[in-house]
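Please walk through the structure below, from its helices to its loops and its pocket. The terms are defined where they are first used.

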Amino acid sequence: MTIKTQAVPPLNQQIIDLLAERKLTLVTAESCTGGMIAAALTDVAGSSAVFYGGYITYANTAKSRMIQVQPRLIGDYGAVSNQVARAMADGARNTAKVDLAVAVTGIAGPDGGTEKKPVGLVYVAVSSDLATVVIEHRFGDLGRDAIRRATVDAALDLVMQVLTSEPD
């Protein structure tokens with residue numbers, strides 16, 4: 001007896017399909033990944049129907065100027081913080097006037113880590129009309145490339161969690 005299995009589409013494809021099915025749009029706000037999340041989403045044919053675009057807000061001034069993150073928030077908590085990730089996601093969603101935003105900020109290394117904020121610390125946030133969810137990840141010092149790839153995976157995973165938990 002042969003059992004036919006159907007390959008599960010990659011997460012980026014699943015996200016684009018769900019966004020299209022629900023007629024929702026998404027924007028990214030990326031710091032430590034420098035556009036890698038946007039690249040993963042635009043790897044999917046047809047993504048232009050649902051993917052608005054992305055903000056690469058690597059510098060703190062870019063976070064403030066492009067997506068309205070308050071400089072005081074960055075000063076009080078640091079660019080790599082729950083508060084700034086939340087503000088990035090909310091700011092990107094409001095600036096772009098879309099349904100969902102995913103934002104990431106973190107320390108990819110090899111430099112920049114401290115005892116309180118070590119290399120591998122990343123915050124991923126997804127903003128929607130219902131709520132903004134922020135998840136802290138401590139990937140450890142896996143190396144810059146591995147931290148950035150893990151951040152992309154975590155961001156796509158959180159987008160999928162939010163999409164599958166929201167009412168249609």
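Buried means under 20% relative accessible area, exposed over 50%, and partly exposed in between, with a 1.4 Å probe and protein chains only. Helices (H or I, at least four residues) and strands (E, at least two) are DSSP runs, numbered from the N terminus. This is a predicted model, in which local features need pLDDT of at least 70 and side-chain atom pairs count only at pLDDT 80 or more, while totals for chains, interfaces and linings use all residues. Residues are numbered from 1 along each chain as its sequence is written, and side-chain values use heavy atoms, with hydrogens and water left out.

A record gives the outer frame. The UniProt annotation "domain: CinA C-terminal", from an unreviewed entry, covers residues 11–163. UniProt positions are given in the numbering used here, feature names are shortened, and annotations may be inferred rather than shown by experiment. In the model, residues 11–163 are 45% helix and 21% strand, and the end C-alpha atoms of the span lie 12 Å apart.

Helix 3 is a place to begin. A62, K63, S64 and I67 are buried in this helix. The cover over the buried residues of helix 3 includes strand 1 (26–30), strand 2, helix 4, helix 5 and strand 3; contact here means heavy atoms within 4.5 Å. An α-helix has 3.6 residues a turn, so residues three or four places apart point the same way.

T57 sits before this helix, in the loop between strand 2 and helix 3. T57 counts as buried because its relative accessible area is 0%. Leaving out residues up to four places away in sequence, T57 touches E30, S31, A62, K63, M66, I67 and M88. Of these partners, A62, K63 and I67 are among the buried residues of helix 3, and M88 is one of the buried residues of helix 5.

Just after helix 3, Q68 takes a positive phi of about 60 degrees, although Q68 is not a glycine. Most residues other than glycine have a negative phi, and most peptide bonds are trans. Q68 is found in the loop between helix 3 and helix 4. With a relative accessible area of 45%, Q68 is partly exposed. Helix 4 (residues 71–77) contains G75, which counts as exposed because its relative accessibility is 60%. G75 and N60 are 15 residues apart in sequence, and their C-alpha atoms are 9.7 Å apart in space.

Helix 5 (residues 82–96) allows a check on length. Its 15 residues, at 1.5 Å a residue, should span 21 Å, and the end C-alpha atoms are 21 Å apart, so the two agree. The expected span is 1.5 Å times one less than the number of residues. The buried residues of helix 5 are V84, A85, A87, M88, A89, G91, A92, R93 and A96. K97 comes just after helix 5 and takes a positive phi of about 60 degrees. K97 belongs to the loop between helix 5 and strand 3 and is exposed, with a relative accessible area of 71%.

The loop between strand 3 and strand 4 (121–127) holds P110, and G109 lies in the loop between these strands. A cis peptide bond joins G109 and P110, with omega at about 5 degrees. G109 is buried, its relative accessible area being 7%. Apart from neighbours within four places in sequence, G109 is in contact with V119 and R144. G109 and V133 are 24 residues apart along the chain, and 25 Å separates their C-alpha atoms.

What lines the largest pocket? Fifteen residues do, of which Y58, V80, G106, I107 and A108 lie nearest its centre. A pocket is an open set of points on a 1 Å grid over the protein atoms alone where a 1.4 Å probe fits, with protein on both sides within 12 Å along at least five of seven lines; lining residues have an atom within 4 Å of a point. Helix 3 (60–67) and strand 3 (100–106) each supply at least two residues of the lining. By class, the lining has six nonpolar, six polar and three charged residues. Ala, Val, Leu, Ile, Met, Phe, Trp, Tyr, Cys and Pro count as nonpolar, Asp, Glu, Lys and Arg as charged, and the others, Gly among them, as polar.
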